[in-house]
Each structure stands twice: as structure tokens, then as C-alpha cells.
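User: Please examine the structure below and answer some questions on its packing and secondary structure.

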Amino acid sequence: MPFDVIVVGGSFAGLAAATYIARGRRSVCVVDAGSPRNRFAAASHGFLGQDGSDPRTMLAQARGQLAAYPQATLVEGEAVDVRAGRDFTVTLASGEALDAARLVLAYGLTDVLPEIPGLAERWGKSVLHCPYCHGYEFADGKLGVLAVSPMSAHQALLIAEWGPTTLYLNGGDMPDEATCARLARRGVGIEPAPVAALVGEGGTLSGLRLGDGRMATVDALYLAPRTRMNSPLAERLGCALDEGPFGPVIRTDAAKLTTVAGVYAAGDIARAPHSVSWAVADGVTAGVSVHQSLVLARLAA
């Protein structure tokens with residue numbers, strides 16, 4: 001039987017949307033590939049009532065609570081294709097096809113990390129993206145920002161709130177004169193040398209080995225890498241995309257409706273900046289909006 005709604009992605013945004021749809025007594029199927037973006041972090045910070053909780057535990061609890069609703073179905077799998085007709089048909093990697101009147105896209109992003117030895121294995125531990133999510137735990141340590149985009153200097157200006165900060169240009173161009181002056185006023189140092197490797201025990205970071213052989217002491221390294229979407233479904237449906245500060249973003253209105261009728265998007269793929277709190281809020285908005293669209297569609301019929 002067709003579902004009222006298929007939610008593609010079972011992390012914070014997708015589960016929040018599905019919960020509100022189920023509470024609206026509409027059938028909803030969540031298709032989840034099981035790779036949430038923050039799976040590399042041991043703790044999630046800043047989400048009301050869950051500060052410091054393991055994000056995997058938070059998601060497991062949310063899945064269990066959603067599964068208690070008879071209107072909800074959870075499917076482990078990857079959505080690899082979608083076709084729009086009278087309804088939407090989502091095809092899974094297994095070959096199974098699911099139909100629904102509405103779609104919520106919440107399949108998240110992947111961070112494209114620089115290929116520097118020692119960086120990837122520390123991502124989410126001592127190599128970080130968001131100071132609001134993880135900065136407090138490294139406050140007053142020696143902090144670094146790795147230049148990966150024009151936004152990196154702006155990031156360094158913020159990171160300096162948490163401790164003494166150096167912007168590592170990694171062999172890239174020096175910021176313009178005005179930006180250098182702002183960095184200097186914030187006490188941010190600038191290191192132009194390439195970064196050869198990150199060093200430290202396990203997931204901790206003790207320093208950066210520079211290309212000229214010097215060692216720079218660093219307790220935490222921040223960067224705002226480019227991102228890519230975890231699925232091509234939005235493009236295949238014809239949803240409009242905008243260029244965000246880190247990569248493409250699905251265009252939505254205030255109700256989280258995309259430019260394609262019946263298709264909603266929530267979470268990191270449909271906004272910038274990113275956090276668990278914002279993802280959940282977007283999911284709630286999408287869930288309520290899609291439920292109301294189903295109710296009003298019957299009145300218009």
C-alpha cells in the first residue's frame with residue numbers, strides 16, 4: 001500500500017519530520033542508510049536537554065519512540081532513485097519500490113575533508129567544524145583554523161572567542177589587507193606554511209607538522225570544509241539548488257517546501273549553518289507542513 005509520506009534519511013531532521021507526521025495519524029516510511037553526519041563525534045552539544053549526549057544514542061531513542069506509532073515504518077536501506085508521477089516512487093538499492101503522495105528529503109551531507117595525513121581520523125574528536133558544538137571543551141587551549149575557503153578567516157575571527165588562535169594558510173594565499181587587520185585586532189596569528197601532517201595520540205591532537213619541518217602546538221583544529229549531498233534525488237526530481245557557504249543547498253520556502261510540488265527538504269541539505277537543533281527544528285517544520293498539505297489537498301479535491 002502507498003504511504004502518505006516517505007522520508008528519505010533517518011537522522012535528526014528526518015526522524016523529527018516523521019514523528020510529527022505519525023502524530024498527525026498519517027502513514028510515514030523512513031528510509032535510512034545509517035550514516036548520520038555526526039557519527040564521528042562522541043558527544044553532541046547544545047541541543048536542549050541533551051547536552052553532551054552521544055548522538056548515536058539520541059538517534060536510537062528517537063527511532064524507538066517513532067516505531068511505537070502504528071503509522072510509522074522504518075526501513076534500513078539506501079534510496080537510489082525516485083520517479084514522480086501521480087505519486088512518488090522511491091527505489092531502494094535492494095530493488096524494492098515504495099510509493100507515497102509526498103516526499104521529505106533529509107538525507108544529509110558528507111564533509112569533504114582535505115587529504116592531510118592524520119586529519120580524517122581525528123574528525124569529530126579534535127578536528128572540528130562548529131565551535132558552538134565543540135568549542136567549549138577546548139576553551140583556552142591552543143586553537144588552529146585550517147584555511148580551506150574564503151570563509152576560513154571569518155571562522156578564525158570567531159574561534160578566537162574560545163582561545164588563542166592561529167590561521168594556518170596551508171600554503172594558500174594571504175588574506176587581503178583589511179582581513180589581516182581584523183585578524184590582528186582579534187589576536188589571531190597567521191601561519192603561511194603548508195601543513196604536512198597532524199600528530200597526537202589516538203584521536204587527540206598535539207600539533208601540526210609543517211612543510212618546513214617545524215612543529216606547531218595545537219590542541220584543536222577547526223575547518224569548514226566543502227560538503228556534498230548524500231543522494232542525487234533532489235536533482236533527479238528537478239528541485240532548485242542554491243550555492244551555500246559550504247556547498248549546494250536545496251532551495252525551500254518557509255514551510256520547507258522545495259520548488260517541486262509535494263517535495264519537502266529538511267536539515268543540513270536545505271539550510272546553512274548546521275546543528276542538531278536546527279536540523280530538528282527544520283524536520284518539525286517539514287513534518288507539520290507536509291501533514292497540513294495532505295489535509296488541505298482533500299478539501300480542494
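The questions and answers below go through aromatic pairing, cores, helices and sheets.

User: On what basis are residues numbered, and which features are reported?

Analyst: This is a predicted model, in which local features need pLDDT of at least 70 and side-chain atom pairs count only at pLDDT 80 or more, while totals for chains, interfaces and linings use all residues. Side-chain values use heavy atoms, with hydrogens and water left out, and residues are numbered from 1 along each chain as its sequence is written.

User: What is the geometry of the pair formed by the rings of Tyr-132 and Trp-162?

Analyst: Rings of Phe, Tyr and Trp (its six-membered ring) pair if their centres lie within 6.5 Å; planes under 30 degrees apart count as stacked, over 60 as edge-to-face and the rest as tilted. The structure holds 1 aromatic pair. The ring centres of Tyr-132 and Trp-162 are 5.4 Å apart and the planes stand at 85°, so the pair is edge-to-face.

User: How many residues apart are Tyr-132 and Trp-162?

Analyst: Helices (H or I, at least four residues) and strands (E, at least two) are DSSP runs, numbered from the N terminus. Tyr-132 belongs to helix α3 (residues 131–134), and Trp-162 to the loop between α4 (151–159) and β10 (165–168). The pair links distant parts of the chain, and the separation is 30 residues.

User: Is Trp-162 buried or exposed?

Analyst: Buried means under 20% relative accessible area, exposed over 50%, and partly exposed in between (1.4 Å probe, protein chains only). Tyr-132, at 61%, is exposed. Trp-162 has 16% relative accessibility and therefore counts as buried.

User: Which strand gives the most residues to the largest nonpolar core?

Analyst: A nonpolar core is a set of buried Ala, Val, Leu, Ile, Met, Phe, Trp, Tyr and Cys residues joined through side-chain atoms within 4.5 Å. The largest has 28 residues, of which Ile-6, Leu-105, Tyr-107 and Ile-250 touch the most other members. Elements that each supply at least two residues include β1 (3–8), β2 (28–32) and α6 (233–237). With 4 residues, the element that gives the most is β6.

User: Which elements cover the buried residues of α7?

Analyst: Among the buried residues of α7 are Val-276, Asp-282, His-291 and Leu-294. Contact means heavy atoms within 4.5 Å. The covering elements include β1, α1 (12–23), α2 (55–67), β6 and β19.

User: How far apart are the end C-alpha atoms of helix α7?

Analyst: The expected span of a helix is 1.5 Å times one less than its number of residues. For the 25 residues of α7 (residues 276–300) this gives 36 Å. The end C-alpha atoms agree with that expectation, being apart by 36 Å.

User: Which strands stand at the edges of the open sheet?

Analyst: Two strands pair if DSSP finds at least two bridges between them. The sheet has 5 strands in the order β8-β15-β9-β10-β11, with parallel pairing. Two of these strands have a single partner each, so one side of each is left without a neighbour in the sheet; they are β8 (127–128) and β11 (189–191).

User: Which residue of β16 stands opposite Asp-111?

Analyst: Strand β7 (residues 109–112) alternates: Leu-109 and Asp-111 point to one face and are buried, whereas Thr-110 and Val-112 point to the other and are not. β7 runs antiparallel to β16 (residues 226–229), joined by 4 bridges. Opposite Asp-111 in β16 stands Thr-227.
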